[in-house]
Protein chains: 2
Amino acid sequence: MLMEKMAKKYSASVEDYLEAIANLHKSEKAVKVKQLSRMLNVKMPSVTAALQKLSEEGLVVHEKYGHIELTPEGNEAADDVIRRHRALSRFLAQALGIDQKTAEEDACKIEHVISPLALERMIKFMEFVEVCPLGEAKFPQRYRYYLEHGELPPECLERRSGER
Amino acid sequence: MLMEKMAKKYSASVEDYLEAIANLHKSEKAVKVKQLSRMLNVKMPSVTAALQKLSEEGLVVHEKYGHIELTPEGNEAADDVIRRHRALSRFLAQALGIDQKTAEEDACKIEHVISPLALERMIKFMEFVEVCPLGEAKFPQRYRYYLEHGELPPECLERRSGER
DNA sequence: AGTTTTTGTTAGACTTACCTAACATTTCTG
DNA sequence: CAGAAATGTTAGGTAAGTCTAACAAAAACT
């Protein structure tokens with residue numbers, strides 16, 4: 001039986017550790033317990049414990065006092081979390097006009113629970129909005145206007161009043 | 001100092017119990033442990049334990065073997081969860097075109113973690129789409145077309161080819 | 001190199017929220 | 001209304017994931 005490459009399900013906590021390690025791995029030469037501790041807002045012993053569990057599960061390579069790295073499997077899982085995170089944060093910021101900070105915070109939580117379908121649709125939504133001009137003004141601009149002014153942009157109002 | 005009516009933060013589990021009790025309260029005459037157990041996919045002893053905790057916290061009224069009811073505070077919290085749930089599920093289904101079942105499932109998870117701002121924006125988004133006609137076809141219809149056919153609806157294509 | 005500072009680990013405890021097995025109460029039914 | 005069936009509770013366990021305090025190793029400084 002073919003094993004579909006379906007992402008296994010990890011706990012939110014596990015996903016957070018994997019994501020943080022992957023992100024640190026990109027920006028820093030070596031990933032440290034202390035960094036993870038700060039990044040995830042937990043104390044160092046919690047990190048040590050988590051790393052032990054992740055090692056046992058084959059997602060992380062970590063010897064006592066040594067470097068922290070992801071296994072191929074861990075890396076794959078991390079990439080998947082990061083992909084979800086990015087898409088969500090873009091959707092919240094770009095499509096819904098939420099400030100970057102809040103969008104990030106929401107993405108951090110929602111990334112652990114959103115279904116593949118919902119995620120795919122958010123991505124499709126952004127694609128669509130980007131490529132379809134929808135008349136003179138692009139959709140998101142009109143939506144922004146509505147958000148800022150609390151009422152419809154002029155062209156929508158005109159159209160409505162001329163509707164009867 | 002004025003106490004703003006800011007919803008206190010409860011755990012996902014607590015919110016699930018409150019939500020379930022409130023929903024059952026509407027459809028059934030009396031809320032039973034068994035029903036909650038089935039609805040939340042946990043065993044009955046877990047429900048009993050949860051009800052005890054909720055009683056102590058003043059969110060639920062429940063005497064041994066007796067009826068289960070929400071206190072005013074519990075009811076307020078439940079309503080807030082339900083409000084989030086509804087908005088989310090509507091947004092996912094209506095705006096993103098996700099099937100009802102998946103939209104429900106996602107809403108059940110996301111309702112516990114979404115920020116007030118993101119929720120508000122989803123609601124605003126639906127309002128906007130509903131009232132602003134955006135040209136000949138309404139926005140969601142074009143989006144649906146894109147979802148179904150995998151390419152832009154004709155009127156978008158025409159406009160693009162005539163753009164140069 | 002030796003000492004101090006920083007970083008990392010171990011040990012042990014706590015919280016939340018679940019479970020099973022056994023017991024208790026209600027409710028149904030003959 | 002008495003026994004059977006269903007429902008609810010108690011007792012005791014388990015798993016995640018966190019914490020503090022104490023100890024160990026590594027790094028940094030002089």
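In the predicted model, the buried residues of helix 6 of chain B are Ala118(B), Leu119(B), Arg121(B), Met122(B), Phe125(B), Met126(B), Phe128(B) and Val129(B). An α-helix has 3.6 residues a turn, so residues three or four places apart point the same way. Helix 6 of chain B spans residues 116–131, 16 residues in total. The distance from its first C-alpha to its last is 23 Å, close to the 22 Å expected at 1.5 Å a residue.

The protein surface near DNA strand D involves both chains. Of the 19 residues around this strand, those that come nearest are Ser11(A), Ser46(A), Lys53(A), Lys34(B) and Lys64(B). On the DNA side, sugar and phosphate make up 80% of the atoms of strand D that come within 4 Å of the protein.

Four helices each supply at least two residues of the surface near DNA strand D: helix 1 (12–27) and helix 3 (44–56) of chain A, and helix 2 (33–40) and helix 3 (44–56) of chain B. Helix 3 of chain B gives the most, with four residues. Classified by residue type, the surface near DNA strand D contains eight nonpolar, six polar and five charged residues.

Side-chain contacts to phosphate oxygens of DNA strand D are found in both chains. In chain A, a polar side-chain atom of Tyr17(A) lies 3.3 Å from a phosphate oxygen of the strand. In chain B, an N or O atom in the side chain of Thr48(B) is 2.9 Å from a phosphate oxygen of DNA strand D, and for Gln52(B) the corresponding side-chain distance to a phosphate oxygen of the strand is 2.9 Å.

Methods: Residues numbered from 1 in each chain as written. Chains lettered and ligands numbered in written order. Predicted model: local features only at pLDDT ≥ 70, side-chain atom pairs only at ≥ 80, totals over all residues. Heavy atoms only, no water. Expected span 1.5 Å × (residues − 1). Buried < 20%, exposed > 50% of the residue type's maximum accessible area, 1.4 Å probe, protein only. Near = heavy atom within 4 Å. Polar contact = N/O pair within 3.5 Å; in protein donor to acceptor, adjacent residues only side chain to side chain. Nonpolar A, V, L, I, M, F, W, Y, C, P; charged D, E, K, R; others polar.
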